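Student: Could you take me through one part of this structure slowly? I would like a close look at the salt bridges, and at what surrounds the residues that form them.

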Amino acid sequence: MIVTFPHMGNVYIGAKVLMEGLGVDIVVPPISTDRALEIGSAYAPEFICAPLKINIGNYIESIEKGADTILITGSDGPCRFGFYGIMEKEILKDMGYDIEFIIFEAPEGDVKELIRRIQKATQTKNIGKIAKQIIKAQRIIIETDALDRRMLNIEAREMEKGSIRKIRKNFKNQTRNVKGEKELKELISHTSNKLDKVIINKLHKPLKIGLIGEIYTLIEPYINLYVEEKLARLGVEVDRSLYVGDWLSEHLLYRPMGLTKEFKIRKAGKQYLDRCIGGHAWETIGYAAHYCQSGYDGIIQLLPFGCMPEIVAESILPSIQKDYNVPIMTLVLDELTGETGYQTRLEAFVDMIQRKKERRERYNA
Amino acid sequence: MKIGIPRALLYYYYFPLWKTFYEELGYEIILSPKTNKNILDLGVKTCVDEACLPIKVFHGHVESIKNKVDFLFIPRNTSLNYGEFTCPKLCGLPEMIKNSIAELPLIIKPDFNLHNRRINLDKTIRDMIEHLEVDFKHAQDAYSKGIKRLEVYRKNLFNGMFPDDALKITRENFMNVSSYKEKGRLLILSHPYNLYDTFINMNLLKKLREMGYLTITVDNISEEKINYYAGKLPKKMFWTFGRQLIGSGLYVIEEKEALGIDGVIFLSSFACGLDSIIADYIERHIKRQRILPFIQLTIDEQTGEAGIDTRIEAFIEMIERRKANDSNLSSYGECIHRS
C-alpha cells in the first residue's frame with residue numbers, strides 16, 4: 001500500500017511526519033500546477049468547486065508516481081465537501097483507475113468505524129502509537145504555520161525586496177526532500193535563523209489587510225495565485241484568518257469536547273450571522289467583523305466559484321463594510337482565473353485603501 | 001394585517017402549510033405574482049452575482065411585494081428531514097435578503113429544523129408568530145391543520161397534478177392519467193423551485209406533455225422506493241433534495257422496464273452546488289450502463305426560449321428514432337447494434 005492525499009497548504013508536511021513516522025509508504029503529490037488543474041477540469045463535473053478539480057489533478061500525478069490508496073477527510077454537510085470522497089472515487093473509476101479511498105469520517109456518528117479506518121490507513125493497530133505520531137505531526141504543522149506567519153510579517157517590511165521569497169522557496173523545496181520529524185525540525189529552525197538575519201525597514205508602516213473566506217482557497221497558495229506573496233510585495237501586511245494547524249486543533253480537539261477557540265470570533269459577527277450554515281461562512285463573517293474591530297485597513301474575501309456558504313457570506317459582507325467603513329473586496333477563483341486581471345485588482349484595491357488611510361490621517365490631524 | 005409570501009424557492013413544497021396557518025389565525029396572505037421578466041430583473045439587480053437563479057428569483061419576488069405588506073415571511077429551511085440538510089443558501093436565506101434588500105418590512109423568519117433527533121416544534125411555531133399578537137395554543141392548532149392540508153397537497157402532487165391545480169383542491173384527487181395519449185414517459189429530475197416555476201424553466205413540463213410524453217417527477221415516486229435506492233449510496237446523502245433525486249434516478253435506472261421510462265431530463269440551474277454532485281453521479285451511472293438517454297438542461301437568467309426548445313426537440317427526436325430502431329441504437333458511446 002502506497003498512500004497519497006490531496007494538497008492543501010502545509011498539510012503535506014504533517015502527513016509526511018505522520019506516515020513516515022509510522023513506517024507507511026507515502027507519495028507526496030507534486031506541487032499543484034496548471035497541469036493538475038487541467039487534468040481535474042477535464043474530468044470533474046463542470047460546476048463542482050475548484051478544490052475538487054485540483055484534488056483530481058493531485059491524485060493523477062501521485063498515481064503516476066506509484067500511489068494506490070488515497071486518504072481524504074469527510075464531513076456531514078451541508079457543504080459539498082462531504083461528498084468529495086464519493087465523487088472523486090467515481091471520477092477516477094471512469095478515468096480507468098481502480099484506486100482505494102480511505103475517508104476519515106465517522107459515518108452517521110460511528111466512531112469505531114473511524115478508528116478502524118485510521119488503523120487501516122496507518123497499518124498498525126496500536127492506537128497509542130498513532131496518537132503519539134498525530135500529536136507530533138500536529139506540532140510540526142503549527143510550527144510551520146508560525147514560520148509562514150513570520151515570513152509574511154517580515155516580507156511586508158523587508159529592506160531588500162525578494163529576500164523572503166527566496167527563503168520561502170528554498171524552504172518549500174527542501175521540505176519535500178527531508179525525511180522524518182527530526183530533519184524537518186532542523187530545517188524549520190535553520191529557516192527561522194535565516195529570517196532573523198533579514199534586514200527590516202523599521203520606518204515602513206505597512207497597510208494591514210485581512211484575508212477571509214473558504215479554507216482551501218485561503219490555505220492553498222496555487223489556487224489563490226499566491227495572493228499573500230503578491231500583497232506582501234506591494235508592501236502590505238497580511239493576516240490570514242485560517243491556518244491548517246488551528247483548524248485541526250479546533251476540529252480534532254476542541255469541537256468534539258463541545259468547546260471552541262473561536263468564541264471571540266463568533267461573538268464579533270453575531271449580529272450578522274449567528275449559526276453555522278455549512279462550510280466556513282460563519283468564520284468568514286466572524287473574522288470580517290473581527291478584523292474591522294481590530295483596525296485593519298481592508299479585507300479580501302476569497303472563494304472558489306459556486307461555493308454555496310461563501311455566497312451567503314458574500315451577500316452579508318456589504319453590511320459589515322457599511323457599518324465599519326472598511327473596504328471589502330471579493331475575489332472568485334476557478335480554473336479560468338487570469339493572473340494579470342487578478343494582479344490589477346489587488347493593486348487597485350491596495351491603492352484605494354492607501355489613499356483612504358492618508359485622507360483619514362490628514363483630516364484627523 | 002397582511003403577510004407577504006414570495007412565490008419562490010420552497011413555496012412549491014410548503015405553501016399549503018404556511019397559507020393554512022396564517023389564514024387560520026386571521027391574517028391575510030399576499031402572494032407575489034408569478035415569476036415574470038420584471039421580477040427576474042429585480043432579482044438580478046439586488047442579489048449578489050455569484051448566487052444561483054432560484055435565489056435571484058426569490059430576491060425579485062421579495063422586492064416586488066415588500067411595499068404592499070406589513071410582514072414578510074422568509075422561512076429558514078435548515079433541514080426538512082432527520083439527519084439531512086438543505087442547500088446552505090436556504091439555511092442563510094433571511095440573512096441574504098436582509099443584507100441585500102433595503103427598506104424591508106418586519107421579517108418573520110421561522111427556523112424549520114428537523115435535523116436533530118429531538119425536534120423543537122414549539123420554537124418554530126413561536127418563531128412563526130414572533131411579531132404577531134396570537135395565542136400560542138391557537139397557533140398550535142393552526143399548525144396541525146396546516147400539516148394536514150400539506151399532506152393532501154403532497155398526495156395530489158404524487159397523483160400527478162401540477163402545483164397550481166393541486167393548491168386549489170382541498171381533498172385528495174386522482175388525476176385521470178389515461179386521458180393522455182401517451183407516446184412515452186420521461187423522468188424529469190429537478191429541485192421543486194426549478195421544476196414548477198413555469199417562467200424560469202420555460203414551461204418545460206407542459207411542453208413535454210404537449211409533445212405527448214408523460215412526465216414523471218420526484219413527487220410522483222414513492223418515498224419507499226426513493227429511500228431504498230438512495231440507501232445504495234456508499235455514504236448517506238445529507239441533502240433532502242439530493243436524496244430524492246439520486247433515489248429516483250437510481251430507481252429508474254434499475255427498474256426502467258417496469259416503469260416504461262424512455263429518457264431522463266435533468267433540469268438544473270447554472271452553478272447549482274447540489275446538482276454538480278447529484279447530476280454528475282446519476283449521469284455517470286447511466287453512461288456506464290448505456291441504457292437510457294440522458295440530457296442535462298441548464299437554465300439561467302437568459303430568457304431566450306429557442307435554445308432550450310431545440311435541445312428538447314432534439315432529445316425527443318433521438319428517443320423516437322431509438323424506439324423505431326428497436327432500442328438497439330445507442331444514444332451514447334459505442335454502437336451496440338446487434339442484428
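Tutor: Happy to! A search of the whole structure finds 44 salt bridges over all chains. Please keep in mind that this is a predicted model, and let's pick out a few of these pairs.

Start with a pair made by Arg288(B) and Asp94(A), whose side chains meet in a salt bridge at 2.8 Å, N to O. Arg288(B) belongs to helix H14 of chain B, while Asp94(A) sits in helix H4 (residues 84-95) of chain A, so this pair joins two chains. How open are the two partners? Arg288(B) has 31% relative accessibility, so it counts as partly exposed. Asp94(A) is partly exposed as well, because its relative accessibility is 37%. Both residues also take part in a network of salt bridges that links Glu90(A), Asp94(A), Asp280(B), Arg284(B) and Arg288(B).

Now follow helix H14 (residues 273-289) of chain B a little further. This helix lies across S7, strand S9 (261-269) and S10 of chain B, and runs at about 160 degrees to S9(B). Those strands are part of an open sheet of four, in the order S8-S7-S9-S10 (chain B), with parallel pairing. Strands S8 (213-217) and S10 (294-299) of chain B stand at the edges with a single partner strand each, so one side of each has no neighbour in the sheet. From one strand to the next, the twist averages 25 degrees. Within this sheet, S7 (residues 184-189) of chain B runs parallel to S8(B) and is joined to it by five bridges. Leu187(B), for instance, has Ile216(B) in S8(B) as its bridge partner.

Let's turn to chain A for two more pairs. Arg149(A) forms a salt bridge with Asp246(A), and their closest N and O atoms are 3.2 Å apart. This pair links distant parts of the chain, with Arg149(A) in helix H6 (residues 127-155) and Asp246(A) in helix H11, 97 residues apart. Arg149(A) is partly exposed because its relative accessibility is 35%, and Asp246(A) is partly exposed too, at 32%.

The other pair is Arg157(A) with Glu237(A), where the closest N and O atoms are 2.9 Å apart. Here Arg157(A) is in the loop between H6 and helix H7 (163-177) of chain A, and Glu237(A) is in strand S6 (residues 236-240) of chain A, 80 residues away along the chain. Is Glu237(A) buried or exposed? With a relative accessible area of 16%, Glu237(A) is buried, because buried means under 20%.

Key:
Residues are numbered from 1 along each chain as its sequence is written. Chains are lettered from A and ligands numbered from 1 in the order in which they are written. This is a predicted model: local features need pLDDT of at least 70, side-chain atom pairs count only at pLDDT 80 or more; totals for chains, interfaces and linings use all residues. Side-chain values use heavy atoms; hydrogens and water are left out. Two strands pair if DSSP finds at least two bridges between them. Axes are lines fitted to C-alpha atoms, for helices over the stretch in contact, and angles run from 0 to 180 degrees between N-to-C directions. Contact means heavy atoms within 4.5 Å. A salt bridge is a side-chain nitrogen of Lys or Arg within 4 Å of a carboxyl oxygen of Asp or Glu. Buried means under 20% relative accessible area, exposed over 50%, partly exposed in between (1.4 Å probe, protein chains only).
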